[in-house]
Amino acid sequence: EDLKKAKKSRGKSKEVCGYPLSIFFIIVNEFCERFSYYGMRAVLVLYFKYFLRWDDDLATSIYHTFVALCYLTPILGAIVADSWLGKFKTIIYLSIVYAVGQVAMAVSAIHDITDADRDGTPDNMTFHVAMSMTGLFLIALGTGGIKPCVSAFGGDQFSDHQERQRSTFFSVFYLCINGGSLLSTIITPLLRAQDCGIYTQQKCYALAFGVPAALMVVSLVVFIVGSGMYYKAKPQGNIMLDVCKCIGFSIKNRYRHRGKQFPKRAHWLDWAEEKYDKLLIAQIKMVLKVLFLYIPLPMFWTLFDQKGSRWTLQKPSYDPSWNRGKLFTVNPILILTLVPIMDSVIYPLIRKCGLNFTPLKRMTVGMLLAASAFVSAALVQVEIDKTLPVFPSSSQSQLKLLNMGNNPASDEYFTFETEEVTVSVASSALTTTILLTKGERQTLLIPAVINSEWLLVSWTKNVEEMKRKKTLLMLELNNNHFLYLQTTDLTAKPEQGNNAIRFINGLSTEVRVSSSLVDFGIIKPSGYSNYSLVENGKITFNLSSGGRSCDYSREFGYGSSFTFFIPNNLESITVIEDIKPNSVHMALQIPQYFLITAGEVMFSVTGLEFSYSQAPSNMKAVLQAGWLLTVAVGNFIVLIVAELAKLPMQWAEYVLFASLLVAVCIIFSIMAYFYTYIDPREIEAQFKKSTDDDSDDESRQYKKGLEMASKNYKSDYGDHKDGRETKM
């Protein structure tokens, strides 16, 4: 009766071209939600690194923890929807939580909120961290909670005679997922690359998170608008809970009957026969066979999800907006391209060659492709490392000499293990001891006219800190013969592809240096300018001194550091290259993205297809939960391996992950070799037939007993015409 009422209630939604009008609201909702999620995730690691100022390891750890939570919460969402609230209310409530989380992320990225001194850097980073972590937790709860509900809710809108339309709906639904992902990974990084702010202009993470937040609100509104058209099935209980209860009872019952006096049973799940139906037990056995094969699978996701963390932080020569706006879209584009190519071309060709390319073999090849992708990433990292300068370790110091006379500078930094270095000038009798700072790079300025006043300069990342210290350090210079500028060194390439430049004045008069982007101010004789960051491209500097003026132009690449020395006249600028620009092009990363995506198509798509073909019809949700669990575990493995390994070189970490996946792949191939493919429908049919036969036997015996009872009733009490007792 409930099913009849349910079918009637589906008629509330009008049909358009044979499809319920309600599904169009669901499709738009899914597109907006996926745009919101993938758009936020596309710039998340960059937000951790460049806004919150976390190092690579912490940014990677928090990123993978967030992704793991996103794949753990679907189990909770499915249980809540099926056992308590129903799909519709679950989607509504968790979408509100989701939208609040996205808004919290957008607010956390507004640097002006705590930028009291208006220097472009938040003064209270605790506020921003707390807001962002709260937002990410709410997003993980929301996106994971609605993940198993939306597609199933869409499927509920179709009647039994609309099987073809339902199949088309799921295809369009999957297309919307990839379409939302593709557009968001193009648009969101471009939004981040814009400069915005109330008082100071910084990279616009607030806009990059704000647009996904707005799309999530739109998603929620669209879904609510279609409320009157939806078929809303009541909660019928969750099959995952039934499975867990059956397994728990079986283990408990087996433990109670662990003595030798109790006969053994063919399978440990058979100990649940006292309470649960044999068909349910047989279905759970089939599912457990597939779940057993899932054990090695998290290692694939360990590698796959690093394309959003470690690969993002890989630093070839790049325009940051091109990096995230173009290259990150390779994955969804390749998915949309490779899936039909694999199904229509590659797999049929393999079959024509007479090869039995089973689903488990495809998954094995997919794992090997993912391992190959990390080998490719390691090779790219080796090429990147060749272009990186050798920075001092925590126990070393580096010193470069800059002679403001005839020979401007040494070719390289000298590395010292001691904190004191004795420097002498051949043309004079002056010898002095220079104090160096461990773990820092410094430059010793030697005046053209040698006297007792030398200037020791330490490069700094923080321009404002340098400005604050400059007055005090100049007082030190007046009272002493040496100036030790104790600030943070530039012991890494400039961030986000910027270039670090500064000017040193070798003239006897003041020099003013400016450009359309940066004003270096007035540089005193034998003085230096503040360290400033400029973007790539051609920049023209204007130099003026004593009524004379000239322009100096230079083309800048990405990630370099230069010192421009002004000798005895403005026209002759000496360029000293402290850090070479990046020379490895971002396009070298394309092979690793191609390999990882090809691996995803062969592993993920085939894995889901195989899992569904090997599971009973009412156990699809259990397998979906198990599959999502492998993704979550894989992201936790990233944290564990990276923390335990502590490899100093990034390429070595890539090789380690590739090696681990190859080892796991060998184990999986052995497990797959001994796996026997089954047809769950045939097994279920046999059980149902057996049950029907048993019920027929019971019915025949019941009828015989009923006839005997009727005869006895007549012989003892006479014949009653109405026969109500016999019918009863």
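Which residue of β9 does Lys400 stand opposite? The views below, taken from a predicted model, get to that along the way.

**View A. The largest nonpolar core, seen around its best-connected residues.** This core counts 123 residues, and the ones with the most contacts inside it are Leu44, Tyr47, Phe48, Phe66 and Phe209. Helix α15, spanning residues 359-387, is the top contributor, putting in ten residues. The core also takes at least three residues from each of two domains: domain 1 (14-237) and domain 2 (278-387 + 589-678).

**View B. Leu44 and its company.** Zoom in on Leu44, skip the neighbours within four places in sequence, and you find it in contact with Tyr63, Phe66, Met105, Leu136 and Phe209. Two of these names, Phe66 and Phe209, are also on the list of residues with the most contacts inside the largest core.

**View C. A second core, separate from the one above.** This one has 20 residues. Among them are Cys550, Phe556, Phe564 and Ile566.

**View D. Strand β5 and the strands it pairs with.** Strand β5 covers residues 397-403, and five of its seven residues are buried, so the rest of the structure largely encloses it. With strand β6 (residues 414-416), β5 runs antiparallel, joined by three bridges. Look for Ser397 here: its bridge partner in β6 is Phe416. With strand β9 (residues 441-446), β5 pairs in the parallel sense instead, over six bridges. And here's the residue from the opening: Lys400 stands opposite Thr443 in β9.

Terms used:
Residues are numbered from 1 along each chain as its sequence is written. This is a predicted model: local features need pLDDT of at least 70, side-chain atom pairs count only at pLDDT 80 or more; totals for chains, interfaces and linings use all residues. Side-chain values use heavy atoms; hydrogens and water are left out. A nonpolar core is a set of buried Ala, Val, Leu, Ile, Met, Phe, Trp, Tyr and Cys residues joined through side-chain atoms within 4.5 Å. Buried means under 20% relative accessible area, exposed over 50%, partly exposed in between (1.4 Å probe, protein chains only). Helices (H or I, at least four residues) and strands (E, at least two) are DSSP runs, numbered from the N terminus. Domain bounds come from an automatic or database domain assignment. Contact means heavy atoms within 4.5 Å. Two strands pair if DSSP finds at least two bridges between them.
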